[in-house]
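Thanks for coming. I have one structure to go through today, and I will keep to what can be read from the atoms. Please have the sequence and the model open as we go.

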Amino acid sequence: MDSRRCFREFLRYTSLNVMGMIGLSCYILADTFFVSKGLGAKGLAALNLAIPVYNFINGSGLMIGMGSGIRYSILKSQKQEKRADQVFTHGLILTACLAAVFFLLGLFASEQIAAMLGADETVFQMSRIYLQVILLFSPMFMMNNLLLCFVRNDGAPQRSMTAMIVGSLSNVVLDYIFIFPLEMGIFGAVLATGFAPLISILILSPYFIRKKNQFHPVRCSLRLKILGQIVSGGLPSLITEVSSGIVIIVFNLLILRLAGNTGVAAYGVIANLSLVVIAIYTGIAQGIQPLLSRNYGAGRKREVESVFYYAAAAAVLISAVVYAVVFWGADPIALVFNSEKNETLQSIAAGGLRIYFTGCVFAGLNIILSVYFTSTEFALPAHIISVLRGFVVIIPAACILAQIAGMTGVWCAFPATEFLVCVLGGVLYGFAKKKDRTEKYVRKG
């Protein structure tokens with residue numbers, strides 16, 4: 001593959017997936033906007049307390065989709081169609097099992113989860129409703145993630161993008177209809193979010209009805225090795241999503257102590273805008289994954305490195321644009337979600353935006369590095385990066401910095417963590433390159 005064709009494929013896959021992921025992230029952003037307009041600061045606080053559960057569900061679906069998609073793409077490039085179909089079958093089984101757990105939690109444990117997440121009497125009922133409906137729709141969220149990943153790895157990124165965008169636009173439209181004309185409140189907001197993956201799956205369905213798909217469920221015995229490969233390849237995606245939810249929980253608890261429900265509502269603005277920005281980096285990472293896996297499986301190391309460099313450069317450029325918009329537009333951005341014109345909320349949110357988003361460039365590079373490592377069957381560095389940025393560094397940093405500098409310290413925890421992990425990720429990448437050069441030299445010798 002020449003460099004021009006490699007770059008064209010990079011643009012095709014990443015642009016489509018970035019657009020699709022931005023649309024997908026509008027699930028929560030649309031809820032944030034319409035809930036803030038229809039239900040005020042209390043609704044916004046309730047929504048933010050419930051978001052971590054969505055992260056857990058979405059992360060589980062991405063783990064299975066990305067992990068099995070990576071193995072599928074590598075095996076297809078090596079002409080091992082039977083084993084590739086077995087990977088898809090194992091992905092389906094794993095999705096069904098985890099989705100059943102989430103569904104049962106929605107039936108029987110939504111109140112306990114709402115209390116555990118810190119919902120007080122003023123927002124408890126709204127948080128419980130949002131949690132229960134999200135959990136009951138979890139099979140649709142997870143199946144949608146699995147199918148999107150396989151369709152993308154099957155050489156149809158346009159279909160995947162279309163499904164994501166149409167599903168997300170339907171969420172925005174239904175949000176408005178359910179919250180305002182029908183006056184369904186928080187239930188309407190979460191119902192619109194739950195319908196979105198159903199609509200996305202319907203958009204994907206002609207791909208299977210017309211039998212364009214090259215992946216199929218097959219009868220095979222359940223093999224722990226295949227399940228382990230799926231989990232190992234997709235674990236960074238799960239950790240990224242789950243850690244996002246855990247960080248929101250920790251930040252909510254810290255902010256409740258420092259600034260009450262108004263502070264949590266302000267953090268809701270920052271957290272949900274961050275979801276959109278992180279979705280851009282995730283779109284780049286998911287876009288390059290089929291290219292990395294395919295070229296790696298075929299032994300084209302030069303193309304693998306070219307795709308990685310294109311992705312890293314795109315992340316840096318996008319980060320510069322995003323931060324310029326956030327820095328100069330922090331006040332009007334915060335005002336969009338501040339329907340009650342609460343001065344305290346406005347001040348906390350605008351100041352937090354300018355500090356928090358300094359970490360975006362490092363977050364983007366970390367996400368791309370993780371996918372690079374997993375797509376080339378070098379999962380350990382990806383796990384290290386994901387665990388450090390998801391749990392090990394950011395939670396202690398948030399607690400310590402909150403004690404030292406209050407709300408400013410809370411906002412600083414994210415950029416400080418991403419920067420430190422990015423430095424380590426660069427070191428791990430250097431070691432991986434050195435190892436690759438050493439093995440190449442030994443083979444030649």
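I will start with a single residue, Lys 79, which is exposed because its relative accessible area is 65%. Before going further: this is a predicted model, and every value I quote is computed from it.

Lys 79 sits in the loop between H1 and helix H2, the latter covering 81-108. Its phi is positive, about 65°, although Lys 79 is not a glycine. There is another lysine to put beside it. Lys 211 has a phi near 55°, again a positive value in a residue other than glycine. Where is Lys 211 found? It is in the loop between H7 and H8. With a relative accessible area of 70%, Lys 211 is exposed.

Now the salt bridges. How many does a search of the whole structure find? The search finds three, and I will take them one by one.

Glu 9 pairs with Arg 294, with 3.5 Å between the closest N and O atoms. Glu 9 lies in helix H1, residues 3-77, and Arg 294 lies in helix H8, so this salt bridge ties together parts that are 285 residues apart in sequence. On exposure, Glu 9 has 15% relative accessibility and therefore counts as buried. Arg 294 comes out at 23%, so it counts as partly exposed. The cut-off for buried is under 20%, for anyone checking those two values.

The next pair is Arg 354 and Asp 331, whose side chains meet at 3.2 Å, N to O. Arg 354 belongs to helix H10, residues 343-356, and Asp 331 to helix H9, residues 301-336, so the pair ties together parts that are 23 residues apart in sequence. Arg 354 is partly exposed at 25% relative accessibility, and Asp 331 is partly exposed at 38%.

That leaves Glu 418 and Arg 389, with an N to O distance of 2.9 Å. This salt bridge links distant parts of the chain, 29 residues apart: Glu 418 is in helix H13 and Arg 389 in helix H12. Are these two residues buried or exposed? Both Glu 418 and Arg 389 are buried.

On to the interior. The largest nonpolar core has 138 residues. Which residues have the most contacts inside that core? They are Phe 251, Tyr 267, Phe 357, Phe 373 and Trp 411. Helix H8, residues 224-297, supplies the largest share of the core, with 30 residues.

Trp 411 is a useful one to select in the viewer. Leaving aside neighbours within four places in sequence, Trp 411 is in contact with Ile 255, Tyr 267, Ile 270, Ile 348, Gly 352, Ile 355 and Tyr 356. Tyr 267, in that contact list, is also one of the residues with the most contacts inside the core.

A polar residue in the interior is worth a look too. Ser 200, in helix H7, residues 185-209, has 1% relative accessibility and so counts as buried. What is Ser 200 in contact with, apart from neighbours within four places in sequence? The list is Asn 144, Leu 148, Ala 163, Met 164 and Gly 167.

Next, the cysteines. The count of disulfides is zero. For Cys 97, the nearest cysteine sulfur is that of Cys 220, 13 Å away, and Cys 97 is in no disulfide. Cys 97 is partly exposed, with 47% relative accessibility. Cys 149 is in no disulfide either; its nearest cysteine sulfur, that of Cys 97, is 18 Å away. Cys 149 is buried, at 1% relative accessible area.

Last item, the surface. In soluble globular proteins, nonpolar side chains tend to be buried together. Here, though, there is a nonpolar patch on the surface, made of Leu 380, Ile 384, Phe 419, Leu 420, Val 423, Leu 424, Val 427 and Phe 431, with about 720 Å² of accessible area together. Helix H12, 379-392, and helix H13, 394-444, are the elements giving two or more residues to the patch. Which element gives the most? H13 does, with six residues. One of the patch residues, Val 427, is found in H13. Val 427 has a relative accessible area of 40%, so it is partly exposed. Patch membership takes over 30% relative accessible area, which is how a partly exposed residue such as Val 427 can be included.

That is the end of my list.

Notes
Residues numbered from 1 in each chain as written. Predicted model: local features only at pLDDT ≥ 70, side-chain atom pairs only at ≥ 80, totals over all residues. Heavy atoms only, no water. Patch = residues over 30% accessible without salt bridge, like charges linked within 9 Å, V, L, I, M, F, W, Y side chains within 5 Å. Areas by Shrake-Rupley, 256 points an atom, 1.4 Å probe, with all protein chains shown as cover. Salt bridge = Lys/Arg side-chain N within 4 Å of Asp/Glu carboxyl O. Helix = DSSP H or I, 4+ residues; strand = E, 2+ residues; numbered from the N terminus. Buried < 20%, exposed > 50% of the residue type's maximum accessible area, 1.4 Å probe, protein only. Contact = heavy atoms within 4.5 Å. Disulfide = S-S within 2.5 Å. Core = buried A, V, L, I, M, F, W, Y, C linked by side-chain atoms within 4.5 Å.
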